[in-house]
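User: I am new to this structure and would like a close look at a single part of it, set against the chain as a whole. Please take it slowly and explain the reasoning where there is some.

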Amino acid sequence: KILPACTLPLTGKACVDLIVTDLCVMACDRPGIRLLELAPGVELDEVRAKTGVTFSVEGSLEEAA
């Protein structure tokens, strides 16, 4: 899960710009998080259900090869 706030001590703040998981690829930028790609066989609703933050979906979403 991607959490809206860190629950552990920070070692760096705002140093992540890309999140790659078994479900999708997301970009972290201002003002928020954008969904870039879905893994093969993964639906958008599944990512929404398993992600703990709000994110935007821009353009046409492509499945990763």
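Analyst: Of the contacts in the protein chain with a separation of 6 or more, 31% are accounted for by residues 24 or more positions apart. The model is a predicted one, and everything below should be read with that in mind. Along its principal axes, the C-alpha atoms of the protein chain fill a box of roughly 35 × 20 × 20 Å, and buried residues make up 25% of the 65 residues in the chain.

The secondary structure comes to one helix and four strands, and reading along the sequence gives the pattern β-β-β-α-β. The part chosen for the close look is the helix, α1, which covers residues 44–50.

Leu-44 has its place in this helix, and because its relative accessibility is 23%, Leu-44 counts as partly exposed, the limit for a buried residue being under 20%. Leaving aside residues up to four places away in sequence, Leu-44 touches Leu-35, Leu-38, Phe-55, Val-57 and Leu-61. Not every leucine lies close by, however: Leu-10 is 34 residues from Leu-44 along the chain, and the C-alpha atoms of the two are separated by 30 Å.

The same helix also carries a salt bridge, formed by Lys-50 with Glu-46, in which the closest N and O atoms are 3.0 Å apart. How the two partners are placed can be read from the helix itself, because Lys-50 and Glu-46 are four residues apart in α1 and are therefore separated by about one helical turn. Both ends of this pair have some access to the surroundings, since Lys-50 is partly exposed at 46% relative accessibility and Glu-46 is partly exposed at 28%.

To set this pair against the rest of the chain, it helps to know that the structure holds two salt bridges. Besides the helix pair, Arg-34 forms a salt bridge with Asp-29, where the closest N and O atoms are 2.9 Å apart. Here, too, the partners are partly exposed, Arg-34 with a relative accessibility of 24% and Asp-29 with a relative accessible area of 31%.

Bonds between cysteines offer another point of comparison, and a search of the whole structure finds zero disulfides. For Cys-24 the reason is one of distance: the closest cysteine sulfur, in Cys-28, lies 10 Å from the sulfur of Cys-24, which is too far for a bond because a disulfide needs the two sulfur atoms within 2.5 Å. These two cysteines also fall into separate classes of accessibility, Cys-24 being buried with a relative accessible area of 5%, whereas Cys-28 counts as partly exposed at 21%.

Cys-28 leads on to the largest pocket, since this residue is listed with Leu-3, Pro-4, Ala-14 and Val-16 as lying nearest the centre of that pocket, among a lining of 23 residues. The volume of the largest pocket is about 730 Å³, and the residues of its lining divide into 15 nonpolar, five polar and three charged.

Returning to the helix, the picture that builds up is of Leu-44 in contact with residues elsewhere in the sequence, such as Phe-55 and Leu-61, and of Lys-50 joined by a salt bridge to Glu-46.

Notes. Residues are numbered from 1 along each chain as its sequence is written. This is a predicted model: local features need pLDDT of at least 70, side-chain atom pairs count only at pLDDT 80 or more; totals for chains, interfaces and linings use all residues. Side-chain values use heavy atoms; hydrogens and water are left out. A salt bridge is a side-chain nitrogen of Lys or Arg within 4 Å of a carboxyl oxygen of Asp or Glu. Buried means under 20% relative accessible area, exposed over 50%, partly exposed in between (1.4 Å probe, protein chains only). Helices (H or I, at least four residues) and strands (E, at least two) are DSSP runs, numbered from the N terminus. On a 1 Å grid over the protein atoms alone, a cavity is a set of points where a 1.4 Å probe fits but cannot get out, and a pocket is an open set with protein on both sides within 12 Å along at least five of seven lines; lining residues have an atom within 4 Å of a point. Grid points are joined across faces, edges and corners, and a volume is the space filled by probe spheres set on the points. Ala, Val, Leu, Ile, Met, Phe, Trp, Tyr, Cys and Pro count as nonpolar, Asp, Glu, Lys and Arg as charged, and the others, Gly among them, as polar. Contact means heavy atoms within 4.5 Å.
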